[in-house]
Amino acid sequence: MVHSQSENMKFLLCRRCPLSSSRIISGRNWVCKRSPRNIVRKRPKRFLNRRQSHNKRVKSRIIKEGIARLKSEMTEISVEQKSIAEGQKQIRKKYEEIKREREQLWKETELISQQSHGIRIRLNLMFQIMKARVERDSVKVAQLTLQLRDLIAKPKEEK
């Protein structure tokens with residue numbers, strides 16, 4: 001008879017009812033309304049053995065360590081983000097400074113180009129005057145000299 005009770009117990013434990021609404025508590029046992037043999041054993045959750053309570057403590061410690069690690073990583077990330085933002089500000093300053101220098105160099109280059117053009121025109125006139133003197137053409141020399149004087153006088157008037 002004892003043998004058959006343990007077999008019944010095994011059978012009952014294997015045939016637990018999947019729906020929790022179909023179970024009602026009766027003392028330490030759960031009674032299932034749908035199974036042909038109503039008693040279904042279940043260990044109460046409030047009683048934990050030493051191993052289970054130790055595992056629970058270990059798991060909570062692991063979770064706390066993970067949270068602490070994540071917090072430290074977040075602080076490191078925020079420090080890195082601040083340093084990146086500072087670096088971006090410095091790069092922006094350097095870029096603005098380089099941009100100003102570029103504009104100044106462009107203006108200077110433009111001025112030099114204009115001066116170079118004026119010098120080229122004057123040298124060309126002087127070369128024509130020399131050529132006219134070699135050819136002994138005094139009328140052409142006088143015209144070119146007058147043009148050269150007017151050209152030299154213009155920049156002085158503009159200042």
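Start by selecting Arg 69 and Glu 73: they sit four residues apart in helix α2, which puts about one helical turn between them. Here helices are DSSP runs of H or I with at least four residues, strands are runs of E with at least two, and both are numbered from the N terminus. Show the two side chains and you will find a salt bridge, with 3.8 Å from N to O. The term stands for a side-chain nitrogen of Lys or Arg within 4 Å of a carboxyl oxygen of Asp or Glu.

Before moving on, a word on what is loaded. This is a predicted model, in which local features need pLDDT of at least 70 and side-chain atom pairs count only at pLDDT 80 or more, while totals for chains, interfaces and linings use all residues. Residues are numbered from 1 along each chain as its sequence is written, and side-chain values use heavy atoms, leaving out hydrogens and water.

**Along the start of α2**

Turn on the surface around the pair. Arg 69 is partly exposed at 48% relative accessibility, and Glu 73 is partly exposed too, at 33%. (Buried is under 20% relative accessible area, exposed is over 50%, and partly exposed lies in between, with a 1.4 Å probe and protein chains only.)

Next, select Arg 61 and Glu 65. How far apart are the closest N and O atoms of Glu 65 and Arg 61? They are 3.3 Å apart, and the two residues form a salt bridge. The spacing in α2 is again four residues, so about one helical turn separates Glu 65 from Arg 61. Glu 65 is partly exposed, with a relative accessibility of 44%; for Arg 61 the value is 44%, which also makes it partly exposed. The structure holds two salt bridges, and you have now visited the pairs Arg 69–Glu 73 and Arg 61–Glu 65.

**Further along α2: the surface side**

Helix α2 covers residues 50-134, and Leu 123 lies in it. Select Leu 123 with Ile 119 and Met 126: together they make a nonpolar surface patch of about 270 Å². (A patch takes residues with over 30% relative accessible area and no salt bridge, joining like charges within 9 Å and nonpolar side chains, namely Val, Leu, Ile, Met, Phe, Trp and Tyr, within 5 Å.) Leu 123 is exposed, at 51% relative accessible area.

Step to Asn 124, also in α2. Asn 124 is partly exposed, at 41% relative accessibility. Measure from its C-alpha to that of Leu 148: the distance is 9.8 Å, across 24 residues of sequence.

**The core between α2 and α3**

Now select Leu 125. Is Leu 125 buried or exposed? It is buried, at 11% relative accessibility. Beyond the neighbours within four places in sequence, Leu 125 contacts Leu 144, Gln 147, Leu 148 and Leu 151, a contact being heavy atoms within 4.5 Å. Its C-alpha is 8.0 Å from that of Thr 145, 20 residues away along the chain.

Add Ile 129, Ala 132, Val 141, Leu 144 and Leu 148 to Leu 125, and you have the six residues of the largest nonpolar core. (Such a core is a set of buried Ala, Val, Leu, Ile, Met, Phe, Trp, Tyr and Cys residues joined through side-chain atoms within 4.5 Å.) Both α2 and α3 (138-158) supply at least two residues of this core. Leaving aside neighbours within four places, Ala 132 contacts Asp 137, Lys 140 and Val 141.

**The loop**

Arg 136 is in the loop between α2 and α3. Most residues other than glycine have a negative phi, but Arg 136 has a positive phi near 60°. Arg 136 is exposed, at 76% relative accessibility.

**Zoom out**

The protein has three helices and three strands, in the order α-β-β-β-α-α along the sequence. Of its 159 residues, 9% are buried.

Finally, colour by pLDDT, the predictor's confidence in each residue, from 0 to 100. The protein averages 79, and 64% of residues score at least 70. Among the elements, α2 has the highest mean, 92, and strand β1 (residues 23-26) the lowest, 47. Residues 15-26 fall below 50, and this stretch has 26 contacts in the model beyond near neighbours in sequence.

Definitions and conventions:
Areas by Shrake-Rupley, 256 points an atom, 1.4 Å probe, with all protein chains shown as cover.
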